[in-house]
Each structure stands twice: as structure tokens, then as C-alpha cells.
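Thanks for sharing this one. Here are my notes, written to be read with the model open beside them.

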Amino acid sequence: MPTADLAARRALLQLAATDRLADAAAHDRGTLPEIGVISDGSKRAAELAGKIALAQAEVSDIDTAARKLDAEIDSVRARAARDNERLTSGGAASKELESLQREVESLARRQSTLEDEALELMERREVAEAALAAVESELATITADVEAATVRRNDRWADIDDEIARLAAQRATLVADVPPDVLAIYTRVRGAGKVAAAALVGDRCGGCQMALDRQSLEEIRSAADDTVARCPECGAILVRDA
Ligand SMILES: [Zn+2]
């Protein structure tokens, strides 16, 4: 039967309190609101980077089409200028004049069509550029949010890690006061996710808050002081005199 003297029993209660604080600190560390901000923001930033690449490609495609169109307009203008020169030089025969005249008219229509297309491209470019600017602006905001959240998270982690280190040192001191066989019971109960040591308050277990039945209470009260008592409900080591 494992036994624990008063110092060991008090150490067990402090150990349970220390472990509870350490568990809470570890839980806080993993559930800081900044973690969600960083994770969601990073996902959104990746989506936006994809959208920016698409928007940039669209602007670039429009520029390529506009350059091609400009070159075509230049060549139509040059040809019309040559035809007009030939028409006004007076050296062409009447049949050639008619043909030149028709070509000049046709080139004028072609130029007008191409210029309309160029105008339409300019409008499309403005829309595409505005869309690109909007996505870039959203990305800048989200990047700043993620950076700020990362700084806050790291600050909180540093504080929590200090606290966890302090609790670990405290735990090491307390564990030294508990006999190994009693500590083994404590470790097993704690491993099951339960409070492993608790005060017996009146007829209640401070771990699970259940009232002990009369017989269990009798057994605990009549046992020697250093007997390690257990809660029949949750298995916690019960300390009745701390
Ligand atoms: Zn209990």
C-alpha cells in the first residue's frame, strides 16, 4: 500500500495545481486568436497572389493586343498616305486613279474600325488595371494584418513559454517530495486526462466534485494518516488534511 507523509500530500495538491496551470498555458498557446488571424490571412493572401497574377496577365495581354493594333493602324495610315500622294501627284492614269480612290476609301474605313478597337482596348485596360489595384490593395492590408498578428502571437508565445518553463521548474521541485509509487499513481490518473490529486472537502472529492459514499468515507477516515486514499469515482489521490 503506497503511503505519503504530510509534505508529500501537500506537494501532490500543489502538483495538481501546477499541472492545471501548465495545461491551461499549453491550451492558451495553441488557441490564441492571432493564430486564426495568421492562418486565415495567409490563405487569403495566397488566393490574392493568384488573382494578382491573373490580373497582371490580363493587363499584359491587353498591352500586347494594343501594340499589335497600333502597328496595324500605322501601316494602314502609311499606305493611305502613299495612295494620297500618288493621287495628288497627277502622274496616274484615270483607271489607276479610280482604283486608288477606292483603296483610299477602304483604308479609311479600316483605320476607323481599328481605331474603335484600340479605344475599346484602352477601356478594357482601365478596368483591368482598376481590378488589379483593388486586389493589390486588399493584399497589402491582409499582409499588414498578418504581420501585426504574428508579432502579437510571438509576444504572447514568449510570455506563455516563460510561464511554462517556470511551472516546469516548480513541478520538478514538487515531484521530488512525492514517493515514486505515489507519483506513478498520480501520473497514471493524470495520463487519463483527469485531476490526479485533490483535497477531500467535507464528503466531496475536489477533483470530480462527487460526494463519496458513506463506506468510502469511513474507510478513508479510519485509515492511517499517511495512507494514500483514492476517490472511488475519478481515481484522484484524495488529500484530507492539507
Ligand atoms: Zn473524484
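The points below go from the domains to a helix and then to the sheet.

1. To set the scene, please keep in mind that this is a predicted model. The domain assignment splits the chain into domain 1, made of 6-26 + 179-239, and domain 2, covering 32-153. Between the C-alpha centres of domain 1 and domain 2 there are 76 Å.

2. How far apart are the end C-alpha atoms of helix H2? They are 82 Å apart, and H2 takes in 57 residues, from 33 to 89. At 1.5 Å a residue the expected span is 84 Å, so the two values agree.

3. Which residues of H2 are buried? They are Gly-41, Leu-48, Ala-55, Val-76 and Asp-83. The partner for these buried residues is helix H3 (94-175), against which they pack. As general background, an α-helix has 3.6 residues a turn, so residues three or four places apart point the same way.

4. Have a look at the end of H2 as well: just after the helix, Gly-90 adopts a positive phi of about 80°.

5. Now to the strands. Four of them form an open sheet in the order E2-E1-E4-E3, and the pairing is mixed. Strand E2 (204-205) and strand E3 (229-230) are at the edges; each has a single partner strand, so one side of each lacks a neighbour in the sheet.

6. For a closer view of one edge, take E3 and strand E4 (residues 237-239): they run antiparallel and are joined by two bridges. Across this pair, Arg-230 is opposite Ile-237 in E4.

Definitions and conventions
Residues numbered from 1 in each chain as written. Predicted model: local features only at pLDDT ≥ 70, side-chain atom pairs only at ≥ 80, totals over all residues. Helix = DSSP H or I, 4+ residues; strand = E, 2+ residues; numbered from the N terminus. Expected span 1.5 Å × (residues − 1). Buried ≥ 20, exposed ≤ 12 C-beta atoms within 10 Å, placed from the backbone. Contact = placed C-beta atoms within 7 Å. Pairing = 2+ DSSP bridges. Domains from an automatic or database assignment.
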